[in-house]
Amino acid sequence: MTPATIDHARTHASAHAPELRAAARHIGRRRFLTSAGAAAALAFAVDLPGSAHAAELDSKKIAENPFTLGVASGDPKPDSVVLWTRLATRPYEPGSGMPRARFTLRWEIARDARFARVVRRGTVTAHPELDHSVHLEPEGLDPDRVYYFRFRAGNWISPVGRTRTAPARSARIRELKLAAVSCQAYHDGYFTAYRHLADEDLDVVFHLGDYLYEYPVNAVGGARNYTDRLLPAHYNRETATLEDYRLRYGLYKSDPDLMAAHAAHPFVVTWDDHETENNYADDIPENDVPPEEFLLRRAAAYRAYWENQPLRRPQRPSGHDMRLYRRLHFGRLAQFDVLDTRQYRSDQAYGDGLDIPGPESEDPSRTMTGAAQERWLIDGWHASRALWNVVPQQVTFAQRLLDLNPVAKVSMDSWDGYPASRDRILDGAEAAGVENLMVLTGDVHVAYAFDVKRDYRTPGAKTVGTEIVATSISSGKDGADKPSSWDTYTKANPHLKFYNGRRGYVRVALGEERARADFRTLTHVTTPGSAIVTAASFVTEVGDQGLKPA
(Lines give C-alpha, C1' and ligand atoms only; values in the text may rest on other atoms or scores of the structure.)
Protein backbone atom coordinates (compact mmCIF):
# COMPACT_ATOMS: atom_id res chain seq x y z
CA MET A 1 0.00 0.00 0.00
CA THR A 2 1.40 3.41 -0.94
CA PRO A 3 1.67 6.28 1.58
CA ALA A 4 -1.14 8.04 -0.26
CA THR A 5 -3.32 4.99 0.04
CA ILE A 6 -2.51 4.68 3.75
CA ASP A 7 -3.52 8.30 4.24
CA HIS A 8 -6.74 7.60 2.35
CA ALA A 9 -7.50 4.59 4.53
CA ARG A 10 -6.97 6.67 7.65
CA THR A 11 -9.22 9.39 6.27
CA HIS A 12 -11.94 6.90 5.51
CA ALA A 13 -11.57 5.25 8.90
CA SER A 14 -12.95 8.51 10.28
CA ALA A 15 -16.15 7.77 8.40
CA HIS A 16 -16.94 4.97 10.85
CA ALA A 17 -19.54 5.86 13.46
CA PRO A 18 -17.95 8.34 15.93
CA GLU A 19 -19.63 6.56 18.85
CA LEU A 20 -18.04 3.32 17.75
CA ARG A 21 -14.55 4.76 17.38
CA ALA A 22 -14.77 6.36 20.81
CA ALA A 23 -15.97 3.10 22.35
CA ALA A 24 -13.14 1.18 20.73
CA ARG A 25 -10.50 3.57 22.09
CA HIS A 26 -12.07 3.52 25.55
CA ILE A 27 -12.15 -0.27 25.70
CA GLY A 28 -8.43 -0.54 24.94
CA ARG A 29 -6.67 -2.99 22.64
CA ARG A 30 -6.77 -6.18 24.71
CA ARG A 31 -10.35 -5.77 25.85
CA PHE A 32 -11.28 -4.60 22.34
CA LEU A 33 -10.14 -7.93 21.00
CA THR A 34 -11.79 -10.10 23.64
CA SER A 35 -14.70 -8.45 25.42
CA ALA A 36 -18.36 -8.92 24.72
CA GLY A 37 -18.78 -5.18 25.08
CA ALA A 38 -16.48 -4.57 22.15
CA ALA A 39 -18.37 -7.07 20.02
CA ALA A 40 -21.60 -5.31 20.87
CA ALA A 41 -20.07 -1.95 19.99
CA LEU A 42 -18.88 -3.25 16.65
CA ALA A 43 -22.26 -4.83 15.94
CA PHE A 44 -23.72 -1.34 16.33
CA ALA A 45 -21.55 -0.13 13.46
CA VAL A 46 -23.33 -2.45 11.09
CA ASP A 47 -26.76 -2.36 12.71
CA LEU A 48 -29.07 -5.34 12.68
CA PRO A 49 -32.58 -5.52 11.22
CA GLY A 50 -35.05 -3.77 13.43
CA SER A 51 -32.48 -1.65 15.22
CA ALA A 52 -33.61 1.43 13.34
CA HIS A 53 -37.25 0.29 13.01
CA ALA A 54 -37.27 0.85 9.25
CA ALA A 55 -40.69 1.36 7.75
CA GLU A 56 -42.08 -1.12 5.23
CA LEU A 57 -42.82 0.06 1.71
CA ASP A 58 -44.96 -1.63 -0.91
CA SER A 59 -42.72 -3.54 -3.35
CA LYS A 60 -45.04 -2.49 -6.16
CA LYS A 61 -43.66 1.02 -5.80
CA ILE A 62 -40.19 -0.07 -6.94
CA ALA A 63 -39.96 1.73 -10.28
CA GLU A 64 -36.70 0.23 -11.60
CA ASN A 65 -35.39 -3.31 -11.86
CA PRO A 66 -34.13 -4.24 -8.37
CA PHE A 67 -32.52 -7.53 -9.45
CA THR A 68 -29.47 -6.02 -11.16
CA LEU A 69 -27.14 -8.28 -9.14
CA GLY A 70 -28.90 -11.51 -10.05
CA VAL A 71 -29.40 -14.48 -7.75
CA ALA A 72 -27.19 -17.09 -6.13
CA SER A 73 -27.39 -20.26 -4.08
CA GLY A 74 -24.97 -22.02 -1.79
CA ASP A 75 -24.01 -24.38 1.04
CA PRO A 76 -26.24 -27.26 -0.08
CA LYS A 77 -27.58 -29.76 2.45
CA PRO A 78 -29.72 -32.82 1.67
CA ASP A 79 -32.94 -30.97 2.49
CA SER A 80 -31.95 -27.33 2.05
CA VAL A 81 -29.86 -24.81 0.14
CA VAL A 82 -29.31 -21.09 0.72
CA LEU A 83 -31.01 -18.83 -1.83
CA TRP A 84 -29.67 -15.29 -2.18
CA THR A 85 -30.48 -12.02 -3.86
CA ARG A 86 -29.99 -8.33 -3.09
CA LEU A 87 -32.22 -5.49 -4.15
CA ALA A 88 -30.25 -2.79 -5.95
CA THR A 89 -31.90 -0.63 -8.58
CA ARG A 90 -28.66 1.37 -8.99
CA PRO A 91 -25.82 -0.77 -7.63
CA TYR A 92 -23.10 1.80 -8.41
CA GLU A 93 -24.65 4.42 -6.13
CA PRO A 94 -24.42 4.67 -2.33
CA GLY A 95 -27.51 2.94 -0.98
CA SER A 96 -27.88 1.06 -4.29
CA GLY A 97 -30.80 3.30 -5.28
CA MET A 98 -33.03 1.79 -2.59
CA PRO A 99 -34.91 3.77 0.08
CA ARG A 100 -34.09 2.91 3.68
CA ALA A 101 -37.17 0.75 4.10
CA ARG A 102 -38.17 -2.89 4.31
CA PHE A 103 -39.59 -4.72 1.30
CA THR A 104 -41.42 -8.02 1.14
CA LEU A 105 -40.33 -10.39 -1.61
CA ARG A 106 -42.09 -13.49 -2.85
CA TRP A 107 -40.07 -16.56 -3.73
CA GLU A 108 -40.69 -19.83 -5.54
CA ILE A 109 -38.80 -23.12 -5.89
CA ALA A 110 -39.70 -25.49 -8.71
CA ARG A 111 -38.54 -28.73 -10.27
CA ASP A 112 -38.49 -27.18 -13.72
CA ALA A 113 -37.19 -23.94 -15.20
CA ARG A 114 -40.69 -22.90 -16.35
CA PHE A 115 -42.08 -23.22 -12.80
CA ALA A 116 -44.86 -25.56 -13.87
CA ARG A 117 -44.09 -27.77 -10.82
CA VAL A 118 -43.61 -25.39 -7.90
CA VAL A 119 -42.73 -27.27 -4.70
CA ARG A 120 -42.17 -24.39 -2.27
CA ARG A 121 -43.20 -20.74 -2.14
CA GLY A 122 -43.36 -18.00 0.44
CA THR A 123 -42.32 -14.49 1.38
CA VAL A 124 -39.13 -13.02 2.84
CA THR A 125 -38.16 -9.53 3.98
CA ALA A 126 -35.29 -7.51 2.53
CA HIS A 127 -34.00 -5.25 5.31
CA PRO A 128 -32.13 -1.99 4.69
CA GLU A 129 -29.78 -2.78 7.59
CA LEU A 130 -28.54 -5.75 5.53
CA ASP A 131 -28.33 -3.65 2.37
CA HIS A 132 -31.55 -5.30 1.19
CA SER A 133 -29.84 -8.69 0.89
CA VAL A 134 -31.85 -11.88 1.36
CA HIS A 135 -30.56 -15.21 2.68
CA LEU A 136 -33.39 -17.70 2.40
CA GLU A 137 -32.97 -21.21 3.86
CA PRO A 138 -35.94 -23.28 2.65
CA GLU A 139 -36.24 -26.74 4.17
CA GLY A 140 -37.99 -29.96 3.25
CA LEU A 141 -36.39 -30.31 -0.19
CA ASP A 142 -35.49 -33.68 -1.67
CA PRO A 143 -31.84 -34.75 -1.52
CA ASP A 144 -29.61 -34.79 -4.60
CA ARG A 145 -32.10 -32.96 -6.78
CA VAL A 146 -31.88 -30.03 -9.16
CA TYR A 147 -34.23 -27.15 -8.36
CA TYR A 148 -34.98 -23.78 -9.94
CA PHE A 149 -35.77 -20.64 -7.97
CA ARG A 150 -36.72 -17.01 -8.42
CA PHE A 151 -37.80 -13.95 -6.46
CA ARG A 152 -40.50 -11.33 -7.10
CA ALA A 153 -40.50 -7.73 -5.88
CA GLY A 154 -43.77 -6.10 -6.87
CA ASN A 155 -43.98 -6.45 -10.64
CA TRP A 156 -40.30 -7.31 -11.02
CA ILE A 157 -39.12 -10.92 -11.39
CA SER A 158 -35.54 -11.96 -10.78
CA PRO A 159 -33.47 -14.08 -13.15
CA VAL A 160 -34.04 -17.81 -12.63
CA GLY A 161 -31.43 -19.63 -10.62
CA ARG A 162 -30.57 -23.31 -10.84
CA THR A 163 -29.33 -25.12 -7.76
CA ARG A 164 -28.90 -28.62 -6.38
CA THR A 165 -29.27 -30.16 -2.94
CA ALA A 166 -26.64 -32.48 -1.50
CA PRO A 167 -27.18 -36.25 -1.43
CA ALA A 168 -28.41 -37.84 1.78
CA ARG A 169 -25.63 -38.37 4.30
CA SER A 170 -25.90 -42.16 3.99
CA ALA A 171 -26.29 -42.23 0.20
CA ARG A 172 -23.87 -44.01 -2.04
CA ILE A 173 -23.01 -41.76 -4.98
CA ARG A 174 -20.63 -42.76 -7.70
CA GLU A 175 -19.36 -39.33 -8.68
CA LEU A 176 -19.34 -35.74 -7.49
CA LYS A 177 -18.47 -33.02 -9.99
CA LEU A 178 -17.12 -29.75 -8.64
CA ALA A 179 -15.10 -26.74 -9.71
CA ALA A 180 -12.67 -24.62 -7.69
CA VAL A 181 -12.19 -20.92 -8.43
CA SER A 182 -10.33 -18.01 -6.83
CA CYS A 183 -8.94 -14.50 -7.16
CA GLN A 184 -11.07 -12.25 -9.36
CA ALA A 185 -9.55 -8.77 -9.48
CA TYR A 186 -12.05 -6.71 -11.46
CA HIS A 187 -9.36 -4.25 -12.53
CA ASP A 188 -7.15 -7.04 -13.97
CA GLY A 189 -9.57 -8.34 -16.57
CA TYR A 190 -12.86 -9.82 -17.58
CA PHE A 191 -14.57 -12.70 -15.78
CA THR A 192 -14.76 -14.76 -18.96
CA ALA A 193 -13.93 -17.93 -17.06
CA TYR A 194 -17.25 -17.67 -15.26
CA ARG A 195 -19.15 -17.66 -18.53
CA HIS A 196 -17.57 -21.01 -19.37
CA LEU A 197 -18.07 -22.26 -15.81
CA ALA A 198 -21.79 -21.55 -16.11
CA ASP A 199 -21.96 -24.04 -18.99
CA GLU A 200 -20.14 -26.85 -17.13
CA ASP A 201 -21.99 -29.89 -15.78
CA LEU A 202 -21.28 -29.45 -12.06
CA ASP A 203 -22.82 -30.25 -8.70
CA VAL A 204 -21.14 -27.44 -6.75
CA VAL A 205 -18.51 -24.68 -7.04
CA PHE A 206 -15.98 -23.84 -4.32
CA HIS A 207 -14.71 -20.27 -4.19
CA LEU A 208 -11.37 -20.25 -2.35
CA GLY A 209 -10.98 -16.55 -1.69
CA ASP A 210 -10.26 -13.09 -3.08
CA TYR A 211 -13.79 -12.74 -4.38
CA LEU A 212 -13.26 -9.00 -4.14
CA TYR A 213 -10.18 -6.75 -4.09
CA GLU A 214 -9.84 -3.66 -1.94
CA TYR A 215 -7.64 -1.83 -4.46
CA PRO A 216 -8.84 1.17 -6.48
CA VAL A 217 -10.64 0.62 -9.81
CA ASN A 218 -10.30 3.54 -12.19
CA ALA A 219 -12.96 4.98 -14.47
CA VAL A 220 -12.24 2.55 -17.34
CA GLY A 221 -12.14 -0.54 -15.14
CA GLY A 222 -8.37 -0.92 -15.13
CA ALA A 223 -7.18 -3.54 -17.62
CA ARG A 224 -10.73 -3.92 -18.94
CA ASN A 225 -10.18 -0.51 -20.55
CA TYR A 226 -13.84 0.25 -21.10
CA THR A 227 -14.71 2.48 -24.02
CA ASP A 228 -18.50 2.36 -23.61
CA ARG A 229 -18.81 3.49 -19.96
CA LEU A 230 -17.11 5.33 -17.12
CA LEU A 231 -17.20 4.00 -13.58
CA PRO A 232 -17.99 6.40 -10.73
CA ALA A 233 -15.04 8.10 -9.03
CA HIS A 234 -15.77 6.46 -5.66
CA TYR A 235 -14.42 3.17 -7.04
CA ASN A 236 -11.03 4.76 -7.60
CA ARG A 237 -10.01 4.43 -3.95
CA GLU A 238 -9.23 1.62 -1.54
CA THR A 239 -12.16 0.19 0.39
CA ALA A 240 -12.23 1.06 4.08
CA THR A 241 -15.81 1.62 5.25
CA LEU A 242 -18.98 -0.44 5.07
CA GLU A 243 -20.28 1.77 2.27
CA ASP A 244 -17.01 1.27 0.35
CA TYR A 245 -17.26 -2.52 0.57
CA ARG A 246 -20.95 -2.57 -0.29
CA LEU A 247 -20.32 -0.44 -3.37
CA ARG A 248 -17.44 -2.67 -4.44
CA TYR A 249 -19.66 -5.76 -4.23
CA GLY A 250 -22.20 -3.89 -6.34
CA LEU A 251 -19.52 -3.44 -9.01
CA TYR A 252 -18.28 -7.04 -8.92
CA LYS A 253 -21.66 -8.74 -8.68
CA SER A 254 -23.07 -6.72 -11.57
CA ASP A 255 -20.63 -8.50 -13.89
CA PRO A 256 -22.80 -10.62 -16.23
CA ASP A 257 -20.39 -13.57 -16.34
CA LEU A 258 -20.22 -13.82 -12.56
CA MET A 259 -24.01 -13.55 -12.37
CA ALA A 260 -24.34 -16.38 -14.91
CA ALA A 261 -22.12 -18.69 -12.85
CA HIS A 262 -24.03 -17.95 -9.64
CA ALA A 263 -27.33 -18.58 -11.41
CA ALA A 264 -26.10 -21.92 -12.76
CA HIS A 265 -24.51 -23.62 -9.71
CA PRO A 266 -24.54 -23.52 -5.91
CA PHE A 267 -21.39 -21.94 -4.48
CA VAL A 268 -19.52 -22.74 -1.27
CA VAL A 269 -17.44 -19.68 -0.44
CA THR A 270 -14.55 -18.85 1.84
CA TRP A 271 -12.46 -15.71 1.95
CA ASP A 272 -8.76 -14.97 1.81
CA ASP A 273 -7.21 -11.56 2.51
CA HIS A 274 -8.36 -9.13 -0.16
CA GLU A 275 -12.01 -9.22 0.88
CA THR A 276 -10.67 -7.15 3.80
CA GLU A 277 -7.04 -6.09 3.28
CA ASN A 278 -3.92 -7.58 1.70
CA ASN A 279 -2.13 -10.15 3.90
CA TYR A 280 -3.74 -9.23 7.20
CA ALA A 281 -3.32 -11.77 9.99
CA ASP A 282 -6.01 -12.02 12.66
CA ASP A 283 -6.17 -8.54 14.21
CA ILE A 284 -2.88 -7.37 12.64
CA PRO A 285 -3.23 -5.14 9.56
CA GLU A 286 -0.79 -4.84 6.69
CA ASN A 287 0.18 -1.35 7.78
CA ASP A 288 0.75 0.50 11.02
CA VAL A 289 -2.74 1.74 11.87
CA PRO A 290 -4.37 1.71 15.31
CA PRO A 291 -5.91 -1.69 16.12
CA GLU A 292 -9.35 -0.23 16.74
CA GLU A 293 -9.32 1.29 13.25
CA PHE A 294 -8.35 -1.96 11.59
CA LEU A 295 -10.97 -3.97 13.44
CA LEU A 296 -13.62 -1.45 12.43
CA ARG A 297 -12.52 -2.02 8.86
CA ARG A 298 -12.57 -5.78 9.39
CA ALA A 299 -16.07 -5.59 10.84
CA ALA A 300 -17.24 -3.62 7.80
CA ALA A 301 -15.59 -6.04 5.38
CA TYR A 302 -16.99 -9.11 7.12
CA ARG A 303 -20.48 -7.65 7.20
CA ALA A 304 -20.44 -6.78 3.51
CA TYR A 305 -19.06 -10.24 2.68
CA TRP A 306 -21.93 -11.96 4.47
CA GLU A 307 -24.49 -9.65 2.92
CA ASN A 308 -23.30 -10.51 -0.57
CA GLN A 309 -22.75 -14.27 -0.33
CA PRO A 310 -25.16 -17.24 -0.10
CA LEU A 311 -24.26 -18.03 3.50
CA ARG A 312 -26.36 -19.43 6.35
CA ARG A 313 -27.35 -17.74 9.61
CA PRO A 314 -24.50 -19.29 11.67
CA GLN A 315 -22.05 -17.44 9.43
CA ARG A 316 -23.57 -14.00 10.07
CA PRO A 317 -20.85 -11.88 11.70
CA SER A 318 -20.91 -10.47 15.18
CA GLY A 319 -18.93 -7.28 14.88
CA HIS A 320 -15.39 -8.09 13.78
CA ASP A 321 -15.83 -11.88 14.24
CA MET A 322 -17.38 -14.29 11.77
CA ARG A 323 -17.20 -18.07 11.90
CA LEU A 324 -16.70 -19.02 8.29
CA TYR A 325 -15.15 -22.47 8.73
CA ARG A 326 -17.77 -25.18 8.33
CA ARG A 327 -18.35 -28.73 7.13
CA LEU A 328 -20.42 -30.11 4.25
CA HIS A 329 -21.22 -33.72 3.39
CA PHE A 330 -22.00 -35.25 -0.01
CA GLY A 331 -23.26 -38.74 0.78
CA ARG A 332 -20.64 -41.28 1.76
CA LEU A 333 -18.38 -40.10 -1.04
CA ALA A 334 -16.99 -36.80 0.24
CA GLN A 335 -16.64 -34.60 3.30
CA PHE A 336 -15.56 -30.99 2.80
CA ASP A 337 -13.95 -29.09 5.68
CA VAL A 338 -13.90 -25.46 4.58
CA LEU A 339 -11.15 -23.51 6.36
CA ASP A 340 -10.50 -19.88 7.26
CA THR A 341 -6.74 -19.26 7.30
CA ARG A 342 -6.92 -15.47 7.84
CA GLN A 343 -9.01 -14.68 10.89
CA TYR A 344 -7.10 -16.71 13.49
CA ARG A 345 -3.53 -17.00 12.18
CA SER A 346 -0.31 -15.88 13.83
CA ASP A 347 1.37 -12.91 12.21
CA GLN A 348 3.60 -13.72 9.24
CA ALA A 349 7.19 -14.39 10.28
CA TYR A 350 10.09 -12.14 9.31
CA GLY A 351 7.85 -9.28 8.30
CA ASP A 352 5.99 -11.35 5.65
CA GLY A 353 7.21 -11.78 2.08
CA LEU A 354 9.75 -14.34 0.87
CA ASP A 355 12.46 -15.54 3.26
CA ILE A 356 14.41 -18.59 4.32
CA PRO A 357 12.89 -20.62 7.17
CA GLY A 358 14.26 -19.91 10.63
CA PRO A 359 13.45 -19.97 14.33
CA GLU A 360 10.67 -17.43 13.99
CA SER A 361 8.77 -19.25 11.24
CA GLU A 362 9.45 -22.66 12.79
CA ASP A 363 8.23 -21.71 16.26
CA PRO A 364 5.94 -24.62 17.28
CA SER A 365 3.42 -22.26 18.86
CA ARG A 366 2.60 -20.61 15.53
CA THR A 367 -0.75 -21.38 13.98
CA MET A 368 -2.43 -20.92 10.62
CA THR A 369 -5.91 -21.90 11.81
CA GLY A 370 -6.07 -21.08 15.51
CA ALA A 371 -6.43 -23.83 18.10
CA ALA A 372 -10.22 -24.13 17.99
CA GLN A 373 -10.41 -24.53 14.20
CA GLU A 374 -7.52 -27.01 14.26
CA ARG A 375 -9.33 -29.17 16.83
CA TRP A 376 -12.57 -28.90 14.87
CA LEU A 377 -10.84 -30.08 11.69
CA ILE A 378 -9.11 -33.06 13.27
CA ASP A 379 -12.17 -34.08 15.31
CA GLY A 380 -14.17 -33.97 12.10
CA TRP A 381 -11.73 -36.32 10.44
CA HIS A 382 -12.02 -38.78 13.32
CA ALA A 383 -15.80 -38.79 12.86
CA SER A 384 -15.66 -38.90 9.05
CA ARG A 385 -17.02 -41.91 7.18
CA ALA A 386 -16.41 -40.36 3.77
CA LEU A 387 -14.19 -41.91 1.11
CA TRP A 388 -12.68 -38.51 0.22
CA ASN A 389 -11.78 -35.88 2.79
CA VAL A 390 -11.38 -32.58 0.97
CA VAL A 391 -10.09 -29.32 2.50
CA PRO A 392 -11.04 -26.16 0.57
CA GLN A 393 -8.76 -23.38 1.87
CA GLN A 394 -6.72 -20.40 0.79
CA VAL A 395 -2.90 -20.56 0.61
CA THR A 396 -0.40 -23.11 -0.73
CA PHE A 397 -0.28 -26.12 1.60
CA ALA A 398 2.46 -28.29 0.09
CA GLN A 399 6.09 -27.24 0.35
CA ARG A 400 6.97 -24.75 -2.39
CA LEU A 401 10.66 -23.86 -2.62
CA LEU A 402 11.20 -20.65 -4.55
CA ASP A 403 14.85 -21.00 -5.61
CA LEU A 404 17.60 -23.60 -6.04
CA ASN A 405 19.80 -22.52 -3.14
CA PRO A 406 20.78 -25.11 -0.48
CA VAL A 407 18.35 -23.37 1.88
CA ALA A 408 15.62 -21.99 -0.33
CA LYS A 409 13.28 -19.11 0.32
CA VAL A 410 9.59 -19.81 0.88
CA SER A 411 6.47 -17.69 1.20
CA MET A 412 5.90 -16.59 4.78
CA ASP A 413 2.21 -16.07 4.01
CA SER A 414 1.65 -19.70 2.96
CA TRP A 415 1.76 -22.89 5.03
CA ASP A 416 5.55 -22.92 4.46
CA GLY A 417 5.64 -20.03 6.91
CA TYR A 418 3.72 -22.12 9.45
CA PRO A 419 5.36 -25.58 9.24
CA ALA A 420 4.48 -26.65 12.80
CA SER A 421 0.82 -25.88 12.14
CA ARG A 422 0.95 -27.92 8.92
CA ASP A 423 2.62 -30.83 10.74
CA ARG A 424 -0.14 -30.89 13.36
CA ILE A 425 -2.76 -31.00 10.61
CA LEU A 426 -1.03 -33.90 8.86
CA ASP A 427 -0.49 -35.68 12.19
CA GLY A 428 -4.21 -35.36 12.79
CA ALA A 429 -5.06 -36.75 9.37
CA GLU A 430 -2.81 -39.75 9.97
CA ALA A 431 -4.21 -40.38 13.45
CA ALA A 432 -7.76 -40.21 12.08
CA GLY A 433 -6.97 -42.74 9.36
CA VAL A 434 -7.61 -40.32 6.48
CA GLU A 435 -6.48 -42.20 3.38
CA ASN A 436 -7.75 -40.00 0.57
CA LEU A 437 -6.88 -36.40 1.40
CA MET A 438 -7.26 -33.59 -1.12
CA VAL A 439 -6.51 -29.93 -0.46
CA LEU A 440 -8.11 -27.28 -2.70
CA THR A 441 -6.21 -23.99 -2.81
CA GLY A 442 -6.35 -20.54 -4.45
CA ASP A 443 -4.37 -17.34 -3.78
CA VAL A 444 -1.32 -17.60 -6.06
CA HIS A 445 -2.86 -16.78 -9.49
CA VAL A 446 -1.41 -19.93 -11.08
CA ALA A 447 -2.46 -23.55 -11.37
CA TYR A 448 -0.42 -26.14 -9.48
CA ALA A 449 -0.79 -29.89 -8.96
CA PHE A 450 1.17 -31.09 -5.90
CA ASP A 451 1.74 -34.39 -4.19
CA VAL A 452 1.55 -33.72 -0.44
CA LYS A 453 4.25 -35.40 1.65
CA ARG A 454 5.54 -35.44 5.22
CA ASP A 455 9.12 -35.72 3.94
CA TYR A 456 10.02 -33.67 0.89
CA ARG A 457 13.76 -34.31 1.10
CA THR A 458 13.83 -38.08 0.57
CA PRO A 459 13.21 -39.21 -3.01
CA GLY A 460 10.29 -41.61 -3.16
CA ALA A 461 8.91 -40.61 0.24
CA LYS A 462 5.27 -41.51 0.80
CA THR A 463 2.59 -39.30 -0.68
CA VAL A 464 -0.11 -38.65 1.93
CA GLY A 465 -2.48 -36.55 -0.17
CA THR A 466 -2.78 -34.21 -3.12
CA GLU A 467 -3.17 -30.48 -3.51
CA ILE A 468 -5.05 -28.96 -6.43
CA VAL A 469 -4.39 -25.24 -6.80
CA ALA A 470 -6.93 -23.29 -8.83
CA THR A 471 -5.54 -20.43 -10.88
CA SER A 472 -7.21 -17.03 -10.78
CA ILE A 473 -10.32 -15.95 -12.63
CA SER A 474 -8.68 -12.65 -13.63
CA SER A 475 -6.00 -11.61 -11.11
CA GLY A 476 -2.61 -11.29 -12.78
CA LYS A 477 -4.11 -10.31 -16.14
CA ASP A 478 -3.51 -12.67 -19.09
CA GLY A 479 -0.62 -14.68 -17.66
CA ALA A 480 1.45 -17.24 -19.53
CA ASP A 481 1.56 -21.01 -19.89
CA LYS A 482 5.09 -21.04 -18.48
CA PRO A 483 5.77 -18.14 -16.10
CA SER A 484 9.34 -16.93 -15.69
CA SER A 485 9.74 -19.05 -12.54
CA TRP A 486 8.62 -22.28 -14.24
CA ASP A 487 12.04 -23.89 -14.63
CA THR A 488 13.14 -22.97 -11.12
CA TYR A 489 9.98 -24.14 -9.39
CA THR A 490 9.73 -27.43 -11.24
CA LYS A 491 13.38 -28.25 -10.51
CA ALA A 492 13.19 -27.20 -6.86
CA ASN A 493 9.95 -29.11 -6.20
CA PRO A 494 9.88 -32.65 -7.66
CA HIS A 495 6.46 -33.17 -6.07
CA LEU A 496 5.08 -30.36 -8.27
CA LYS A 497 3.45 -32.22 -11.15
CA PHE A 498 1.94 -29.26 -13.03
CA TYR A 499 2.44 -25.50 -13.18
CA ASN A 500 0.57 -23.12 -15.48
CA GLY A 501 0.19 -19.35 -15.28
CA ARG A 502 -2.93 -18.74 -17.36
CA ARG A 503 -6.32 -17.66 -15.97
CA GLY A 504 -9.20 -20.11 -15.54
CA TYR A 505 -10.36 -22.67 -12.98
CA VAL A 506 -10.06 -26.34 -12.13
CA ARG A 507 -12.73 -28.98 -12.54
CA VAL A 508 -12.58 -32.01 -10.22
CA ALA A 509 -14.53 -35.27 -10.41
CA LEU A 510 -14.44 -37.36 -7.23
CA GLY A 511 -15.26 -41.02 -7.80
CA GLU A 512 -15.32 -44.31 -5.97
CA GLU A 513 -12.04 -45.44 -7.53
CA ARG A 514 -10.20 -42.22 -8.40
CA ALA A 515 -10.37 -38.45 -8.61
CA ARG A 516 -9.67 -36.49 -11.77
CA ALA A 517 -8.61 -32.84 -12.02
CA ASP A 518 -8.94 -30.93 -15.29
CA PHE A 519 -7.11 -27.59 -15.41
CA ARG A 520 -9.18 -25.26 -17.60
CA THR A 521 -7.39 -22.18 -18.97
CA LEU A 522 -8.01 -19.08 -21.09
CA THR A 523 -5.65 -17.33 -23.49
CA HIS A 524 -6.65 -13.82 -22.39
CA VAL A 525 -8.80 -11.86 -19.95
CA THR A 526 -7.77 -8.25 -20.67
CA THR A 527 -10.16 -8.45 -23.61
CA PRO A 528 -13.40 -10.44 -23.53
CA GLY A 529 -14.35 -13.59 -25.38
CA SER A 530 -11.50 -16.04 -24.85
CA ALA A 531 -12.15 -19.68 -25.61
CA ILE A 532 -11.32 -22.22 -22.91
CA VAL A 533 -9.17 -25.34 -23.16
CA THR A 534 -8.09 -28.14 -20.86
CA ALA A 535 -4.38 -27.50 -20.33
CA ALA A 536 -3.76 -30.76 -18.43
CA SER A 537 -5.57 -33.52 -16.56
CA PHE A 538 -4.42 -35.65 -13.63
CA VAL A 539 -5.81 -38.54 -11.62
CA THR A 540 -5.15 -39.84 -8.13
CA GLU A 541 -6.30 -43.31 -7.10
CA VAL A 542 -8.30 -44.22 -4.00
CA GLY A 543 -5.91 -45.77 -1.50
CA ASP A 544 -2.86 -44.86 -3.61
CA GLN A 545 -2.41 -41.11 -3.41
CA GLY A 546 -0.24 -39.37 -5.99
CA LEU A 547 -1.02 -37.41 -9.15
CA LYS A 548 -0.51 -39.03 -12.53
CA PRO A 549 -1.29 -37.61 -15.99
CA ALA A 550 -4.74 -38.72 -17.11
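Start by colouring the charged side chains: there are 69 positive and 72 negative ones. Put a marker at the centre of each set, and the two markers end up 6 Å apart. Keep in mind while you click around that this is a predicted model.

**Zoom out**

Switch to the C-alpha trace and line it up on its principal axes; the span is about 70 × 55 × 50 Å. The radius of gyration is 23 Å, which agrees with the value near 24 Å for a compact globule of 550 residues. Now turn on the cartoon, where you'll find 11 helices and 25 strands.

Next, bring up a surface. The protein exposes about 20,900 Å², and carbon and sulfur atoms supply 50% of that area. Colour by burial and 60% of the 550 residues come up as buried. If you have a contact map handy, look away from the diagonal: of the contacts with a separation of 6 or more, 71% link residues 24 or more positions apart.

**Select Tyr-305**

Tyr-305 sits in helix H8. Buried or exposed? Its relative accessibility is 0%, so Tyr-305 counts as buried. Show its neighbours beyond four places in sequence, and you get Tyr-249, Val-269, Thr-270, Trp-271, Glu-275, Leu-311, Met-322 and Leu-324.

**Step along to Gln-309**

Leave helix H8 (291–307) and you are in the loop that runs to strand S12 (326–330), which is where Gln-309 is placed. Despite the loop address, Gln-309 has a relative accessible area of 0%, so this residue is buried. Which residues does Gln-309 touch, leaving out those up to four places away in sequence? Select Trp-84, His-135, Tyr-211, Tyr-249, Lys-253 and Val-269. Tyr-249 and Val-269 should ring a bell: Tyr-305 touches them, and Gln-309 does too.

**Jump to helix H9**

Draw a distance from the C-alpha of Tyr-305 to that of Gly-370: the pair is 65 residues apart in sequence and 21 Å apart in space. Then pick residues 371–383, the 13 residues of helix H9. From first C-alpha to last, H9 reaches 18 Å, close to the 18 Å expected at 1.5 Å a residue.

Show side chains on H9 and highlight the buried residues: Gln-373, Glu-374, Trp-376, Leu-377, Ile-378, Gly-380 and Trp-381. What covers them? The cover includes strands S12, S13 (334–338), S15 (388–392) and S17 (437–441), along with helix H10 (419–431). S12 is a good place to end, as it is also the strand that closes the loop holding Gln-309.

Conventions:
Residues are numbered from 1 along each chain as its sequence is written. This is a predicted model: local features need pLDDT of at least 70, side-chain atom pairs count only at pLDDT 80 or more; totals for chains, interfaces and linings use all residues. Side-chain values use heavy atoms; hydrogens and water are left out. Helices (H or I, at least four residues) and strands (E, at least two) are DSSP runs, numbered from the N terminus. The radius of gyration is taken over C-alpha atoms; the globule rule is 2.2 Å times the number of residues to the power 0.38. Buried means under 20% relative accessible area, exposed over 50%, partly exposed in between (1.4 Å probe, protein chains only). Contact means heavy atoms within 4.5 Å. Accessible areas come from the Shrake-Rupley method with a 1.4 Å probe; for residues, only the protein chains shown count as cover. Lys and Arg count as positive and Asp and Glu as negative; His and the chain ends are not counted. The place of a charge is taken as NZ of Lys, CZ of Arg, CG of Asp or CD of Glu. The expected span of a helix is 1.5 Å times one less than its number of residues.
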